[in-house]
Amino acid sequence: MLALSIKKNEINFISVFKQTNQLNIEDYGRLKCNEFNSDQIVKVKSRKKIKNTQKPSKKVMLFVGTDEVILNQFNYPKEVDLREFLNWYNYSIFGNNNLRDYSSYHYEMNEDKFLSLYIKKEKQFEYYNILSSQSLELKSISLGILSADYLARSIFEADSKAGYMVWSVGRESDEILI
């Protein structure tokens with residue numbers, strides 16, 4: 001699987017495969033660029049370790065920054081049907097026309113709090129087309145801030161209700177426990 005993280009002037013990537021419940025990293029790196037397009041995907045795919053892999057994969061996880069989406073949190077009143085409330089809520093943010101331009105996702109954080117995420121459909125379609133043009137399959141689009149959770153659930157088959165820990169060690173901060 002190839003994971004791509006898109007930031008303003010760079011693309012970070014990591015190529016991994018799972019073998020006997022262990023994640024193996026084939027290659028990783030960073031490309032400086034002004035925009036995300038097919039040329040950057042060609043550069044990533046042509047890297048020696050990725051091109052000559054023994055475990056080729058066409059699957060891609062794409063992580064975008066929060067500047068690519070609209071994030072919002074709301075409290076849900078139990079006295080109202082959830083679908084009715086979401087319709088009203090979406091209308092209050094976008095009005096009649098603009099919601100058609102966005103894909104909306106609502107995640108329950110606890111009993112009455114939701115996290116809403118909106119991404120332009122045009123942008124989703126652009127990402128899909130860029131990857132498809134390189135014979136890759138877009139499996140998910142996620143936020144960089146949520147990527148560790150997605151990776152834990154999809155690669156390591158971690159069940160969020162059973163609990164798991166993500167531990168990050170990096171240059172800027174010694175440790176981050178989630």
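The overall makeup of the chain, its nonpolar cores and the packing of helix α1 are described here. The model is predicted, with local features requiring pLDDT of at least 70 and side-chain atom pairs counted only at pLDDT 80 or more, while totals for chains, interfaces and linings use all residues. Residues are numbered from 1 along each chain as its sequence is written, and side-chain values use heavy atoms, without hydrogens and water.

The protein chain contains 5 helices and 10 strands (DSSP runs of H or I, at least four residues, and of E, at least two, numbered from the N terminus). Of its 178 residues, 33% are buried (under 20% relative accessible area, 1.4 Å probe, protein chains only).

The largest nonpolar core (buried Ala, Val, Leu, Ile, Met, Phe, Trp, Tyr and Cys residues joined through side-chain atoms within 4.5 Å) comprises 23 residues. At least two core residues come from each of β1 (2-6), β2 (10-19), α1 (38-45), β4 (59-64), β7 (113-120), α4 (121-132) and β8 (137-143). Phe 36 is among the residues with the most contacts inside this core; leaving aside residues up to four places away in sequence, Phe 36 touches (heavy atoms within 4.5 Å) Leu 4, Ile 6, Ile 11, Ile 41, Leu 62, Glu 126, Tyr 127, Ile 130 and Leu 131. A second, separate core has 9 residues, including Tyr 76, Phe 85, Phe 94 and Phe 114.

In α1, the buried residues are Gln 40, Ile 41 and Val 44. These residues fall within an arc of 100° seen down the helix axis, so they line one face of α1 (the arc is taken from the directions from the axis to the C-beta atoms). They pack against β1, β2, β3 (22-32), α2 (48-51) and α4. At the start of α1, the backbone nitrogen of Asp 39 lies within 3.0 Å of a side-chain oxygen of Asn 37.

Terms used: Buried < 20%, exposed > 50% of the residue type's maximum accessible area, 1.4 Å probe, protein only. Polar contact = N/O pair within 3.5 Å; in protein donor to acceptor, adjacent residues only side chain to side chain.
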